[in-house]
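Please take a careful walk through the model displayed below, moving from its overall build to particular contacts and single residues.

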Amino acid sequence: MKAPVEGFSRLAKNEKIEWIANNCTKDPEQTKQLLKRYWNQDAKVQKLHDEFIENTLSNYYLPFAIAPNFLINGEFFAIPMAIEESSVVAAASKAAKFWLSRGGFKTQVLGTEKVGQVHFIFRGDSEKLERFFEEIKEDLIKSTADITESMERRGGGITAIELRNKTENISGYHQLHCTFETLDAMGANFINSCLEQFAKTLREKAKAYPHFSDEEKDLEIVMSILSNYVPNCIVKGEVSCPVEELNEDDLSPELFAKKMVQAVQIAKADPFRAVTHNKGIMNGVDAVILATGNDFRAIEAGIHAYAAKDGSYSSLTHASIEDGVFTFWIEIPLALGTVGGLTSLHPLVKLALEILRNPTAKELMQIVAVAGLAQNFAALRSLTTTGIQKGHMKMHLMNLLNQMGATEDEKTTLVNYFKDRTVTNASVKEALENHRS
Ligand code: MEV
């Protein structure tokens, strides 16, 4: 792109494709063909996807896969995952199978509280502001009656509004810190609508409050927005078994259990390790979040903030050996929805939810936590025994063969050849060349 473009969003889809192909790519014809090759054959489905966002040119595929055999609280689940990383689904499936014969996963939702804030500046007497807030609190809630009516009918709504004085951080800065129960909805629209109404009512009431000076009456709203930090919207997932049941090929159960606990301790002690450790957890979490049409950016932001809640970035999983029992568990915040958003629009999201037996948001929280825990168990199990590369490169073999232009016959031969050999870029290249000659 050499110059700015005017009115791009108003161009027709084909014109946008034409523009991008001609202005930003070396081979415009090839670009146009590529973008169109990824269109859905069903024009209605394509239109649906086009309308999710602005300026859609095509679709960006991710594999949609299943990790079967998860036993969660005594029930079987096949977990849908959308992810590009070669080893993630295989690792999840392996962990599911491992725990299947050891009692499976146990989960529990510890809280479902969502958060939103109105940030405002009040330069004046803080005590007067507190009195004012107590007097108008009911009016704030009443003013959202139209918005909250249907949510309240279903058992949700606003659970609390609190005035927080943040003047130590920024001169005049205060908040309405509000909490919500949004049931099966992620609740972003509900929360943001309530907050914007709170802000409006707050300003109107301040203007009319007889005990405020003119400056105090001019309370300044900065912004109203939900928070993706939800430390009271928490789910716990756990596996446990007697240490002697942790039989591994090359390690004694005791040593394996000890190494797993050490691996978690290291992630608790060192942020460099903790970030990678948690990244492995997010491999499982994000894959289910994406497959079920939830907002992975919100989940990522909230979970990493939670990982740092005690002042230093730390592990999201925990492990212990007590009285001969190995226990491994996760605790993460997850503000999820199983209604609204993409959940009723994206055909594959609908299918993913159907495969999970149309869970409530609370049930989905538990499934996602299990996916994260399973992923971490699988990663630590490899790291503390064979090393990660063995399994990782095996799964990556197909990508390497595809990059090297191997035929289907060549792929079959080489996958077989590498069954008990080490996969590296060079070894695959060499093996393919040898096979060809
Ligand atoms: C790779 O995607 C994830 C791991 O690095 C996680 C970990 O180190 O725990 C294997």
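A residue is called buried when its relative accessible area is under 20% and exposed when that value is over 50%, while anything in between is described as partly exposed. These words recur throughout what follows. The coordinates themselves belong to a predicted model, and every value below is computed from them.

With that vocabulary, the overall build can be described. The protein has 437 residues, of which 45% are buried, and its secondary structure comprises 16 helices and 10 strands. The C-alpha trace spans about 90 × 70 × 40 Å along the principal axes of the protein.

Contacts between charged side chains offer a way into the fold, and a search of the whole structure returns 17 salt bridges. One of them joins Arg357 to Glu75, with an N to O distance of 3.2 Å. Its two partners come from distant parts of the chain, since Arg357 sits in the loop between α12 (347–355) and α13 (361–384), whereas Glu75 belongs to strand β2 (residues 75–82), and the two are 282 residues apart. Both partners count as partly exposed, because the relative accessible area is 44% for Arg357 and 43% for Glu75.

A further salt bridge pairs Glu85 with Lys279, here with an N to O distance of 2.8 Å. Glu85 is placed in the loop between β2 and α4 (88–100) and Lys279 in helix α10 (residues 271–291), so this contact ties together parts of the chain that are 194 residues apart in sequence. Lys279 has a relative accessible area of 40%, and therefore falls in the partly exposed class.

The salt bridge between Lys236 and Glu238 involves residues whose numbers already show how they are placed along the chain, and the closest N and O atoms of this pair are 3.6 Å apart. Lys236 is partly exposed at 22% relative accessibility, and Glu238 is likewise partly exposed at 24%. Elsewhere, Glu18, Glu29 and Lys32 are linked to one another in a network of salt bridges.

Strand β8 (residues 234–242) also contains Val239. This valine is buried, because its relative accessible area is 2%. Val239 has a spatial neighbour in Trp99, for although 140 residues separate the two in sequence, their C-alpha atoms are 7.4 Å apart.

Charge can also gather without pairing. Where on the model do Asp125, Glu127, Glu130 and Glu134 gather? These four residues form a patch of negative charge on the surface. One of them, Glu134, lies in helix α5, which covers residues 126–142. Its relative accessible area of 53% is over 50%, and Glu134 is therefore classed as exposed.

The cysteines can be considered next. How many disulfides does the model contain? The count is zero. Cys178 takes part in no disulfide, and the nearest cysteine sulfur, which belongs to Cys194, lies 8.6 Å away. Seen from the other side, the sulfur of Cys194 has its closest cysteine sulfur in Cys178, and at 8.6 Å this is too far for a bond, because a disulfide requires the two sulfur atoms to be within 2.5 Å. Cys178 is buried, at 0% relative accessibility, and Cys194 is buried as well, also at 0%.

Finally, the backbone deserves attention at two asparagines. Asn55 has a positive phi of about 60° although it is not a glycine, and its place is in the loop between α3 (43–50) and β1 (64–72). At 28% relative accessibility, Asn55 is partly exposed. Asn69 also has a positive phi, here of about 70°, and is again not a glycine. Asn69, however, is located within strand β1, and its relative accessibility of 37% makes it partly exposed.

Conventions: Residues numbered from 1 in each chain as written. Predicted model: local features only at pLDDT ≥ 70, side-chain atom pairs only at ≥ 80, totals over all residues. Heavy atoms only, no water. Patch = residues over 30% accessible without salt bridge, like charges linked within 9 Å, V, L, I, M, F, W, Y side chains within 5 Å. Areas by Shrake-Rupley, 256 points an atom, 1.4 Å probe, with all protein chains shown as cover. Lys, Arg positive; Asp, Glu negative; His and termini not counted. Charge placed at Lys NZ, Arg CZ, Asp CG, Glu CD. Helix = DSSP H or I, 4+ residues; strand = E, 2+ residues; numbered from the N terminus. Buried < 20%, exposed > 50% of the residue type's maximum accessible area, 1.4 Å probe, protein only.
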